[in-house]
Amino acid sequence: MTFQDIFKSSFLENVTSVSIFDMVLALILAFGIGLFIFFVYKKTDQGVMYSSSFGVTLIALTMITTVVILAVTSNVVLSLGMVGALSIVRFRTAIKEPLDIAFLFWAIAEGIVLAAGMIPLAIIGGVVIGLILLVFVNRKSSYNPYIVVLQCDGREAEQRARQYLEGQTQRCVVKSKSAQRGVVELNLEIRLKDDNTDFVNTLSGIDGIQSAVLVSYNGDYMG
């Protein structure tokens, strides 16, 4: 085989480069694995609003990647052209949750491994990754931080509110404080002793406290 033979291509010769059985089997397995990824995403989603379109995208991405890799592995010329085509693609959609990036790479990796013929690795690896995500993402902890937003009449009301919070929580730290004429607004990070949040009702009834708001805080914070 010469160098020219490697890069010689014909449209009709490429028709039978991938058998019908291989294509059907790969697409069925890709659809099944994509459904499993979609199920794990649905069970572990922690966003404000669940995006069903992103879940469907994971299924489609697994199948599309499988088709692309099947084509690339069957033709050297096509693989070079595919590299050039994908190099000019730019994705403008913003990723809202860091975990969504892991799901995207998971779907792409499953499609690549499956199309490469490593079916046991694709199935076993997908199941292991899914179980790990289900265990760790859904694990709840009573030490999750919360933000308490307080509006006080003055310094005395602020001190009473902080003393009460320090007695009801494991940790109470002031994150920000803004003062206007007659009104002091506090943002405090707290960590609860348990899942009971009834203390907010009592807090709002303290003299000098105009309002008390408890917000779940899932962002980055310093321990």
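**Aromatic contacts, a nonpolar patch and salt bridges**

Phe-36 has a relative accessible area of 25% and is therefore classed as partly exposed, since this value falls between the limits of 20% and 50%. The model is a predicted one. Its chain has a mean pLDDT of 78, with 74% of the residues at 70 or more. Confidence varies along the chain: the mean is lowest, at 52, in helix α1 (residues 3–7) and highest, at 91, in helix α6 (residues 119–137).

Four aromatic pairs are present in the structure. One of them joins Phe-36 to Trp-106; the ring centres are 6.1 Å apart and the planes stand at 90°, so the arrangement is edge-to-face. Because Phe-36 belongs to helix α2 (residues 20–44) and Trp-106 to helix α5 (residues 98–115), this pair ties together parts of the chain separated by 70 residues in sequence. In contrast to the partly exposed Phe-36, Trp-106 is buried, with a relative accessibility of 6%.

Trp-106 also pairs with Phe-103, in a tilted geometry with 5.9 Å between the centres and 40° between the planes. Both residues of this second pair are located in helix α5, where a spacing of three residues places them about one turn of the helix apart. Phe-103 and Trp-106 are both buried. The two pairs form part of one aromatic cluster, whose members are Phe-36, Tyr-41, Phe-54, Phe-103 and Trp-106.

Thr-62 is a residue of helix α3 (residues 52–74). Its relative accessibility is 0%, so it counts as buried. With neighbours up to four places away in sequence set aside, the contacts of Thr-62 are Ala-30, Gly-34, Ile-37, Ala-107, Glu-110 and Gly-111.

On the surface, a nonpolar patch is made up of Ile-123, Ile-124, Val-127, Val-128, Leu-131, Ile-132, Val-135 and Phe-136, which together have about 720 Å² of accessible area. Phe-136 is part of helix α6, the helix with the highest mean confidence in the chain. The relative accessible area of Phe-136 is 52%, so this residue is exposed.

Side chains of opposite charge can pair when their charged atoms come close. Five salt bridges are found in the structure. In the one between Lys-177 and Glu-158, the closest N and O atoms are separated by 3.1 Å. Lys-177 is in strand β2 (residues 169–180) and Glu-158 in helix α7 (residues 155–168), so the bridge ties together parts that lie 19 residues apart in sequence. The two partners differ in exposure: Lys-177 is partly exposed at 48% relative accessibility, whereas Glu-158, at 8%, is buried.

A further salt bridge links Arg-162 and Glu-166, with an N to O distance of 4.0 Å. Both side chains come from helix α7, and the residues are four positions apart, about one turn of the helix. Glu-166 is partly exposed, with a relative accessibility of 44%; Arg-162 is likewise partly exposed, at 28%.

Glu-189 and Arg-191 also form a salt bridge, at 3.8 Å from N to O. Both of these residues are buried. They take part in a network of salt bridges that links Arg-171, Lys-175, Glu-189 and Arg-191.

Terms used: Residues numbered from 1 in each chain as written. Predicted model: local features only at pLDDT ≥ 70, side-chain atom pairs only at ≥ 80, totals over all residues. Heavy atoms only, no water. pLDDT = per-residue confidence, 0-100. Helix = DSSP H or I, 4+ residues; strand = E, 2+ residues; numbered from the N terminus. Phe/Tyr/Trp six-rings, centres within 6.5 Å; stacked < 30°, edge-to-face > 60°. Buried < 20%, exposed > 50% of the residue type's maximum accessible area, 1.4 Å probe, protein only. Contact = heavy atoms within 4.5 Å. Patch = residues over 30% accessible without salt bridge, like charges linked within 9 Å, V, L, I, M, F, W, Y side chains within 5 Å. Areas by Shrake-Rupley, 256 points an atom, 1.4 Å probe, with all protein chains shown as cover. Salt bridge = Lys/Arg side-chain N within 4 Å of Asp/Glu carboxyl O.
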